[in-house]
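Reader: I would like a close look at a single part of this model, taken slowly and with the surroundings described afterwards. Please keep to what can be read from the atoms.

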Amino acid sequence: MGHPNSGINGDLPESIAEDLQALDDEALRDVVSYAQQLLRERAPQPSHIEAAPGEEIISIEEQGGYTLVTKTQKCAEGCEDCPHGPYLYLVREEHSPVDHEPTLHWVFLGRVDQSNPE
């Protein structure tokens, strides 16, 4: 007879599914966190990062599973203080769960301190 959750776990080996069912909630959260970390580390690094109109990429630093991008950017038309920044972003290539197409996911990390402030 099949496993009661056989339709839920897809291609997951039955032994792993059974091990997971035996875990408490905290341990399951740890497993999810660990699995997400593994996926991030294994994900291909973005290979095609380009500046948008009005932006300037200062640096691109490849890391394990992600890329750090420092850039300046413009805001609204007529802003006398543009460009703004530089700002630091963590960029990962992710695949849509719907169509599995790759897309860049940008996470704003903050303003970069400049050694020679103006």
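With which residue does Lys 71 form a salt bridge, and how far apart are the closest N and O atoms?

Author: The partner of Lys 71 is Glu 55, and the closest N and O atoms of this salt bridge are 2.9 Å apart (a salt bridge being a side-chain nitrogen of Lys or Arg within 4 Å of a carboxyl oxygen of Asp or Glu). Lys 71 belongs to strand β2 (residues 66-73), while Glu 55 is in the loop between α2 (25-42) and β1 (56-63), so the pair ties together parts that are 16 residues apart in sequence. Helices (H or I, at least four residues) and strands (E, at least two) are DSSP runs, numbered from the N terminus.

The model is predicted, so local features need pLDDT of at least 70 and side-chain atom pairs count only at pLDDT 80 or more, whereas totals for chains, interfaces and linings use all residues. Residues are numbered from 1 along each chain as its sequence is written, and side-chain values use heavy atoms, with hydrogens and water left out.

The two partners fall into separate accessibility classes. Lys 71 is buried, at 7% relative accessibility, and Glu 55 is partly exposed, with a relative accessible area of 21% (buried is under 20% relative accessible area, exposed over 50%, partly exposed in between, with a 1.4 Å probe and protein chains only).

Lys 71 also has aromatic company. Its charged end sits over the ring of Trp 106, 4.3 Å from the centre of that ring. Lys 71 lies over the face of Tyr 89 as well, at 4.8 Å from the ring centre. A charge sits over a ring if NZ of Lys or CZ of Arg is within 6 Å of the ring centre and within 35 degrees of the ring normal.

These two rings lead to the aromatic pairs, of which the whole structure holds three. In one of them, the centres of the Tyr 87 and Phe 108 rings are 5.6 Å apart and the planes stand at 65 degrees, so this pair is edge-to-face. Tyr 87 is part of strand β3 (residues 84-95) and Phe 108 of strand β4 (residues 102-111), so parts that are 21 residues apart in sequence are tied together by the pair. Tyr 87 is buried at 16% relative accessibility, and Phe 108 is partly exposed at 48%. Another edge-to-face pair is that of Tyr 89 and Trp 106, with 5.5 Å from centre to centre and 80 degrees between the planes. Here too a residue of strand β3, Tyr 89, meets one of strand β4, Trp 106, so the pair ties together parts that are 17 residues apart in sequence. Rings of Phe, Tyr and Trp (its six-membered ring) pair if their centres lie within 6.5 Å; planes under 30 degrees apart are stacked, over 60 edge-to-face and the rest tilted.

Tyr 89 is buried, with a relative accessible area of 9%, and Trp 106 is partly exposed, at 29%. Tyr 87, Tyr 89, Trp 106 and Phe 108 are linked by ring pairs into a cluster.

The strands named so far belong to one sheet. This sheet is open, with four strands in the order β1-β2-β3-β4 and antiparallel pairing (two strands pair if DSSP finds at least two bridges between them). Its edge strands, each pairing on one side only, are β1 and β4. On average, and with direction ignored, neighbouring strands are turned by 25 degrees against each other, the axes being lines fitted to C-alpha atoms. Seven bridges join β1 to β2, and the two run antiparallel. Ile 60 has Val 69 of β2 standing opposite.

A search of the whole structure finds two salt bridges. Besides that of Lys 71 and Glu 55, one joins the side chains of Glu 94 and Arg 92, at 2.9 Å from N to O. Glu 94 is partly exposed, with a relative accessible area of 30%, and Arg 92 is buried at 18%.

As for the chain as a whole, the protein has two helices and four strands, which follow one another from the N terminus as α-α-β-β-β-β. Of its 118 residues, 18% count as buried.

Conventions
Axes are lines fitted to C-alpha atoms, for helices over the stretch in contact, and angles run from 0 to 180 degrees between N-to-C directions.
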